[in-house]
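I opened my notebook today to look up a few things in a protein chain. Here is what I went through, in the order I looked.

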Amino acid sequence: MPVVAYNWIGILVVLMVMPGVILLPPIYHKIGLAGGCIMGNAVSGIVLIALLHIALAPLTTTTFAIFVMIFFCSFPFAVISQLSTGLMREAVSPIDKRGLCQGANITVMNFCSALTQTLLGLASDQLGTPTAIWI
């Protein structure tokens with residue numbers, strides 16, 4: 001795939017944040033912050049399983065197109081899930097500890113992200129990519 005195609009995919013990821021942001025107020029108004037987070041996580045989980053199955057399929061232009069289409073159509077739900085977590089932390093944390101709470105969350109998330117990516121890379125080297133995808 002040419003570099004220009006990769007650039008367009010990156011631009012589309014950024015643009016797909018907007019539908020999620022536009023959908024936030026009505027969703028939060030109807031089902032609340034926690035409901036929005038749960039809905040976003042549920043949809044993201046279902047889509048992730050579908051994307052993993054597609055990733056294991058033989059690589060063709062069609063499977064790539066289906067993967068990209070499902071990824072972009074579901075991306076606003078991931079945005080809804082991610083943006084609601086900060087608001088929920090602020091709702092439950094003491095006013096004078098909100099910065100600490102947000103900072104602790106970011107620290108834990110970054111540590112876990114670095115650790116799991118390393119472990120998954122090692123698992124992929126030892127067990128193969130198809131097995132590591134499902135870990």
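My entries below go from the whole chain to one pocket and then to some aromatic rings.

**Entry 1: the whole chain**

I noted right away that this is a predicted model. I looked up the secondary structure, and the chain comes to 5 helices and 0 strands. Reading from the N terminus, I wrote the order down as α-α-α-α-α.

Next I checked the dimensions. The C-alpha trace spans about 50 × 35 × 25 Å along its principal axes. I also looked up burial: the chain has 135 residues, and 21% of them count as buried. About 9200 Å² of the chain is exposed, and carbon and sulfur atoms supply 76% of that area.

Then I turned to contacts. I took those between residues at least 6 apart in sequence, and found that 65% of them join residues at least 24 apart.

**Entry 2: the largest pocket**

I reminded myself how such a search works: rolling a probe the size of a water molecule over the atoms shows where empty space is left. For the largest pocket I wrote down a volume of about 160 Å³.

Which residues line the largest pocket? I found Gln-82, Thr-85, Arg-89, Asn-105, Ile-106 and Met-109. I then asked which helices each supply at least two residues of this lining. They are helix H3, covering 61–92, and helix H4, covering 98–127. Sorted by class, the lining has 2 nonpolar, 3 polar and 1 charged residues.

**Entry 3: the aromatic rings**

A pair of aromatic rings is described by the distance of the centres and the angle of the planes, so I looked up both values each time. My count came to 2 aromatic pairs. In one, Phe-71 and Phe-72 sit edge-to-face, with 5.5 Å centre to centre and 70 degrees between the planes. In the other, Phe-71 and Phe-75 are tilted, at 5.5 Å centre to centre and 50 degrees between the planes.

I checked where that tilted pair lies: Phe-71 and Phe-75 are both in helix H3, 4 residues apart, which is about one turn of the helix. Taken together, ring pairs link Phe-71, Phe-72 and Phe-75 into a cluster.

**Entry 4: buried or not**

Why does Phe-75 count as buried? Its relative accessibility is 19%, and buried means under 20%. Phe-72 counts as buried too, because its relative accessibility is 9%. Phe-71 has 28% relative accessibility, so I put Phe-71 down as partly exposed.

How values were computed
Residues numbered from 1 in each chain as written. Predicted model: local features only at pLDDT ≥ 70, side-chain atom pairs only at ≥ 80, totals over all residues. Heavy atoms only, no water. 1 Å grid on protein atoms, 1.4 Å probe; cavity = no way out; pocket = protein on both sides within 12 Å on 5 of 7 lines; lining within 4 Å. Points joined across faces, edges and corners; volume = space filled by probe spheres on them. Nonpolar A, V, L, I, M, F, W, Y, C, P; charged D, E, K, R; others polar. Buried < 20%, exposed > 50% of the residue type's maximum accessible area, 1.4 Å probe, protein only. Contact = heavy atoms within 4.5 Å. Areas by Shrake-Rupley, 256 points an atom, 1.4 Å probe, with all protein chains shown as cover. Phe/Tyr/Trp six-rings, centres within 6.5 Å; stacked < 30°, edge-to-face > 60°.
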